[in-house]
Amino acid sequence: MQLPEDNLIKDSFQEFSREELLEEIIRLKKALTKAEEQKELILKATNDAVYEWDLLSGHLSWSEGFLTLIGYDRASIAHTIDFWSSHLHPEEKQRVEASLEALFQTGGSHWQEEYRFRRKDGSYAYVLERGYVVYDSQNKAVRMVGAIQDVSKHKQAELAKEIISKEYTFLVNEIPILVFSNASDGGADFVNRQWLVYTGLSMEQILGDGWTKALHPQDVVPTLQARQRAVTNGTSYQIQLRLRRKDGIYRWFQVDVLPYKDQDGSILKWFGTYTDIEEVKQSQSMLEATLEELHEKNFELDQFVYKTSHDLRAPLTSILGLVTIIRGEKEEKTKMAYVELIEGRVLKLDAFIKSMLAYSRNARTPVKEEHIHFPTLIEECLAELSSPTGVERLKLSTHLDGEIFYSDAFRLKMIFSNLLSNAIKYQDFSKDESFLKITIDISPSQGRIIFEDNGVGVKEAYQGNLFDMFFRATDQSEGSGLGLYIVKQAVNVLQGSITLKSQFRKGTFFSLTLPNRVPL
């Protein structure tokens, strides 16, 4: 049966002569040859592996780019889909084949997959394949054309970037310091895992200025001001602040922040670290305290040297003068009077030396914990006072509440001796009776000791200096000026406290609180 279309084609050719038909055939042949040449040039100009798959015959043709990609020559490859499939990476073969099968089943036209393809040398190239399916009038897939692009360099760069990113993330999160970053405006946008673990806050809580919740309240404003100055000026900055640990403890940190800029100098981000300087701060505080203590000690030493030379030389000068007088004196009675004066000066010198020895021993002798029997301690102190003038008219009363008390006997004796001596020396002899009441109240944790007398008292103007070295509050004083200073130093060594209340011409009230060092 002859189709109408065949008659139309036959009729159209009848319009040309034999020579004209031959010329037309030659023209078309040349055009086809030129198109094929252009196609080959295009294929050679690209590195892509271009293919055409005849789905009816199963023949799969490849461009030269495919041979370059996999390292084979044309004689070594099979023009079948099985050859292509056998070179897929085992980990991706099932996925890629299933994707291609799904394309045909759904009647799709465009297909794209990324996978690894084995080269002749056994290595794998990362490739990106794009294909297009041609269907006939019956909607049957008859041909597929496409290109395979080698993306190995791009993929390796991506993998390297991913590795670097993972290494960076690991480093930032595991490095034993606190790391953070801020947006260009200074608001926080990231802190590392160490920061979150340390503060107990979440990433959501720290964003913007939320991280300031972990700062010491006194450090928030100075820190934000330092950040704002840096954002305004585009400069790095450093600040020290206190950061709250998740258990509520504040520790000192030094924060160093640097701007990250683009080629034009615009700030893209800020990066910073927190370095724990708590030990450094404590060392600085200790150093400052030590320097202050050295300053005080130097001042005390200057005073000590001056007063010591003066108080040692004065009695000696007096003694020398009296000796000279005695040599020219003939009356025995007068000589004995001078001898008594010399004895008084010697006793004064001896008392001063004892005070210096007590001062020295208090500074260098370790604290020793001993059971203290206060009645015995008071008796020993009175016995060692060498019967000072006025001791017989001082009415002494003691009241002891509690029994077990442990402390340093040497320093307690030093404290009691000086306070007892002062109560005796500074009696108000204008009064009919002088008294000293000692009250001792002992508890398991401490001992409270009160010395209360009705002596001459201390003027209010002098009370602030009463515990200073070589300070004398009254004209009545003939002491070294070391007594109450030594008392204060001994109380400090025992980690206790002492306070004073006094009214001139009425009396003085000393209150001591000392820890009870009962052995565990």
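Modeller: Ala, Val, Leu, Ile, Met, Phe, Trp, Tyr, Cys and Pro count as nonpolar, Asp, Glu, Lys and Arg as charged, and the others as polar. The model discussed here is predicted.

Colleague: How do you know how the lining of the second largest cavity divides into nonpolar, polar and charged residues?

Modeller: That lining consists of Tyr-51, Trp-53, Leu-60, Trp-62, Ile-81, Trp-84, Leu-100, Trp-111, Glu-129, Met-144 and Ile-148. Glu belongs to the charged group, and the division is 10 nonpolar, no polar and 1 charged. Two or more lining residues come from each of strand 1 (49-54), strand 2 (60-62), helix 4 (81-86) and strand 5 (141-150). The space in this cavity is about 70 Å³.

Colleague: How many cavities of 30 Å³ or more are there, and how much space lies in the largest cavity?

Modeller: The count is 3 cavities of 30 Å³ or more. The largest cavity holds about 110 Å³.

Colleague: What makes up the lining of the largest cavity?

Modeller: Its lining residues include Phe-180, Asn-182, Trp-195, Thr-223 and Arg-227. Strand 6 (178-183), strand 7 (188-191), helix 9 (217-233) and strand 8 (237-244) are the elements that each give two or more residues. By kind, the lining has 9 nonpolar, 2 polar and 1 charged. Arg counts as charged, while Asn and Thr fall among the polar others.

Colleague: Why is Asp-408 called buried?

Modeller: Buried means under 20% relative accessible area. Asp-408 has 1%, so it is buried. Asp-408 sits in the loop between strand 13 (406-407) and helix 13 (409-425). Leaving aside neighbours within four places in sequence, its contacts are Pro-366, Val-367, Lys-368, Glu-370, Ile-372 and Leu-494.

Colleague: What does the side chain of Asp-408 reach?

Modeller: The side chain reaches the backbone nitrogen of Arg-411 at 3.0 Å. A polar contact needs N or O atoms within 3.5 Å, and 3.0 Å meets that distance limit.

Colleague: Which residues of helix 12 are buried, and why are they said to line one face of the helix?

Modeller: In helix 12 (residues 374-383), Phe-374, Leu-377, Ile-378 and Cys-381 are buried. Seen down the helix axis, they fall within an arc of 95 degrees, so they line one face. An α-helix has 3.6 residues a turn, so residues three or four places apart point the same way. On the other side of helix 12, Glu-379 and Ala-383 are exposed, the cut-off being over 50%.

Colleague: What do the buried residues of helix 12 pack against?

Modeller: They pack against strand 12 (394-401), helix 13, strand 14 (434-442) and strand 15 (446-453).

Methods:
Residues numbered from 1 in each chain as written. Predicted model: local features only at pLDDT ≥ 70, side-chain atom pairs only at ≥ 80, totals over all residues. Heavy atoms only, no water. Helix = DSSP H or I, 4+ residues; strand = E, 2+ residues; numbered from the N terminus. Buried < 20%, exposed > 50% of the residue type's maximum accessible area, 1.4 Å probe, protein only. Polar contact = N/O pair within 3.5 Å; in protein donor to acceptor, adjacent residues only side chain to side chain. Contact = heavy atoms within 4.5 Å. Arc of directions from axis to C-beta. 1 Å grid on protein atoms, 1.4 Å probe; cavity = no way out; pocket = protein on both sides within 12 Å on 5 of 7 lines; lining within 4 Å. Points joined across faces, edges and corners; volume = space filled by probe spheres on them.
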